[in-house]
Amino acid sequence: MILAIKDGQFHKISSPVRVVEIIRSDNHPLAKTWMVKDAIAKHRKLFGWKLIER
């Protein structure tokens, strides 16, 4: 399970591919799956989204 949090929005997501879809729909069309996995592993934000793996 991945938690994606930004500006009061909160999503519980089951796969990195779905996270990419949410980030792309937030006006960031260049988001890639490897970027999501890297941000989760390094505990960094990606395009303003805080990604937490639970």
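Two strands pair if DSSP finds at least two bridges between them. Keep that in mind, and welcome to the tour! You are looking at a predicted model, in which local features need pLDDT of at least 70 and side-chain atom pairs count only at pLDDT 80 or more, while totals for chains, interfaces and linings use all residues. Residues are numbered from 1 along each chain as its sequence is written, and side-chain values use heavy atoms, with hydrogens and water left out.

**Stop 1: the strands**

Select residues 2–6, which are strand 1. Here helices (H or I, at least four residues) and strands (E, at least two) are DSSP runs, numbered from the N terminus. Four of the five residues in strand 1 are buried; buried means under 20% relative accessible area, exposed over 50%, and partly exposed in between (1.4 Å probe, protein chains only).

Now add residues 9–13, strand 2, which pairs with strand 1 in the antiparallel sense over five bridges. Zoom in on Ile-5: which residue of strand 2 stands opposite Ile-5? You should find Phe-10 there. The two strands form a hairpin with two residues between them, and Asp-7 in the turn has a positive phi of about 45°.

Next, show strand 4, residues 49–53. Strand 4 also pairs with strand 1 in the antiparallel sense, over four bridges. Ile-5 has a bridge partner here too, namely Lys-50.

**Stop 2: two helices that meet**

Colour helix 1 (16–25) and helix 2 (33–42). They pack at an angle of about 105°, with their axes 9 Å apart. Axes are lines fitted to C-alpha atoms, for helices over the stretch in contact, and angles run from 0 to 180 degrees between N-to-C directions. The two helices are therefore roughly perpendicular to each other: angles under 35 degrees count as roughly parallel, over 145 as roughly antiparallel, 65 to 115 as roughly perpendicular and the rest as oblique.

To see where they touch, show Pro-16, Val-17, Val-19, Val-20 and Ile-23 in helix 1, which meet Thr-33, Val-36 and Lys-37 in helix 2. Contact means heavy atoms within 4.5 Å.

**Stop 3: the two sides of helix 2**

Stay on helix 2 and pick out its buried residues, Val-36, Ala-39 and Ile-40. Why are they on the same side of helix 2? They cover an arc of only 100° around the axis, where the arc is that of the directions from the helix axis to the C-beta atoms. These buried residues pack against strand 1, helix 1, strand 3 (45–46) and strand 4. Turn the helix around, and the face away from the buried side shows the exposed residues Trp-34, Lys-37 and Ala-41.

**Stop 4: Arg-24**

Go back to helix 1 and select Arg-24. Is Arg-24 buried or exposed? Arg-24 is partly exposed, with a relative accessible area of 40%. Leaving aside neighbours within four places in sequence, Arg-24 is in contact with Pro-29, Ala-31 and Lys-32. Try a distance tool as well: the C-alpha atoms of Arg-24 and Phe-47 are separated by 9.8 Å, although these residues are 23 apart along the chain.

**Stop 5: two loop residues**

Most residues other than glycine have a negative phi. Select Asn-27, in the loop between helix 1 and helix 2, where phi is near 75°, a positive value. Asn-27 is exposed, with a relative accessible area of 66%.

Finish at His-43, in the loop between helix 2 and strand 3. Phi of His-43 is also positive, near 55°, and His-43 counts as exposed at 72% relative accessibility.
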